[in-house]
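Reader: Shall we go through this model together, with questions from me and short answers from you? Here it is, so that we can both look.

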Amino acid sequence: DWLPTPHGITMADAIIKTDKLKNFFTNKKVLELGSGVGNHTLLILKQKPTNLTVTEISESRMSVTKNTLNANKDISQDNISFVIGDWLQLSNQVGNNKYDVLITNPPFAASGRRNRRYFIDELI
């Protein structure tokens, strides 16, 4: 399901290789908008955030993230929450929670629909 994009690779490289980001998520409450296949989610979890809330538009998309996390048994999932929903309606799911960090690698590509630039047509 994963097709790496240049911006996704750049984000992963930044998390891994940039000195200021190597421990950036440690002991922080993190909200990841659009967890995708979970590659960035894994990199964040390796830094041991206090809490990580990951979001996806549908259960089918979130199952891909969960499968990736489950395949990496050395990563603890004790501090992760999974939220299904539209980003514009997330306040209904996450309530008044406050986060130290918000991170996203939003999906975009031509969907074949006029004026739409989403890879996942479920977003439309």
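Reader: What is the relative accessibility of Asp13?

Author: This is a predicted model, in which local features need pLDDT of at least 70, side-chain atom pairs count only at pLDDT 80 or more, and totals for chains, interfaces and linings use all residues. Residues are numbered from 1 along each chain as its sequence is written, and side-chain values use heavy atoms, without hydrogens or water. Buried means under 20% relative accessible area, exposed over 50%, partly exposed in between (1.4 Å probe, protein chains only). Asp13 counts as partly exposed because its relative accessibility is 32%.

Reader: Which residue meets Asp13 in a salt bridge?

Author: A salt bridge here is a side-chain nitrogen of Lys or Arg within 4 Å of a carboxyl oxygen of Asp or Glu. The partner counts as exposed, at 57% relative accessibility. The distance from N to O is 3.8 Å, and the side chain that Asp13 meets is that of Lys17.

Reader: Nice. In which helix do Lys17 and Asp13 both lie?

Author: Helices (H or I, at least four residues) and strands (E, at least two) are DSSP runs, numbered from the N terminus. The two residues are four apart, about one turn of the helix. An α-helix has 3.6 residues a turn, so residues three or four places apart point the same way. The helix that holds both Lys17 and Asp13 spans residues 6-17 and is H1.

Reader: How many salt bridges does a search of the whole structure find?

Author: Besides the pair in H1, Lys22 forms one with Asp19, their closest N and O atoms being 3.4 Å apart. In that pair Lys22 is partly exposed at 38% relative accessibility, whereas Asp19 is exposed at 64%. Glu59 and Lys66 also meet, at 3.7 Å from N to O. For the whole structure, the number of salt bridges found is three.

Reader: And how exposed is Lys66, as a relative accessibility?

Author: Its partner Glu59 is partly exposed, with a relative accessible area of 45%. Lys66 also counts as partly exposed, and its relative accessibility is 28%.

Reader: Stepping back, in what order do the elements of the chain run from the N terminus on?

Author: The chain has four helices and four strands. Of its 124 residues, 38% count as buried. Read from the N terminus, the order of the elements is α-β-α-β-α-β-α-β.

Reader: Which element gives the most to the largest nonpolar core?

Author: A nonpolar core is a set of buried Ala, Val, Leu, Ile, Met, Phe, Trp, Tyr and Cys residues joined through side-chain atoms within 4.5 Å. The largest has 17 residues, and Phe25, Val30, Leu52 and Ile103 have the most contacts inside it. H1, helix H2 (39-46), strand E2 (51-56), helix H3 (59-71) and strand E4 (101-104) each supply at least two of its residues. With four residues, the element that gives the most is H2.

Reader: How many of the eight residues of H2 are buried?

Author: The buried residues of H2 are His40, Thr41, Leu42, Leu43, Ile44 and Leu45. Among the elements that cover them are H1, E1, E2 and strand E3 (80-84). H2 is largely enclosed by the rest of the structure, because the count of its buried residues is six.

Reader: Which residue in E2 does Val30 stand opposite?

Author: Strand E1 (residues 29-33) is largely enclosed by the rest of the structure, since four of its five residues are buried. E1 and E2 pair in the parallel sense over four bridges, where pairing needs at least two DSSP bridges. Leaving aside neighbours within four places in sequence, Val30 is in contact (heavy atoms within 4.5 Å) with residues including Phe25, Ile44, Tyr99 and Ile103. Opposite Val30, in E2, stands Leu52.

Reader: What is the bridge partner of Leu33 in E4?

Author: E1 also pairs with E4, in the parallel sense and over four bridges. In E4, the residue bridged to Leu33 is Thr104.

Reader: One last point: what distance separates the C-alpha atoms of Asn67 and Val37?

Author: Asn67 is found in helix H3, and it is exposed, with a relative accessible area of 52%. Asn67 and Val37 are 30 residues apart along the chain, and their C-alpha atoms are separated by 8.2 Å.
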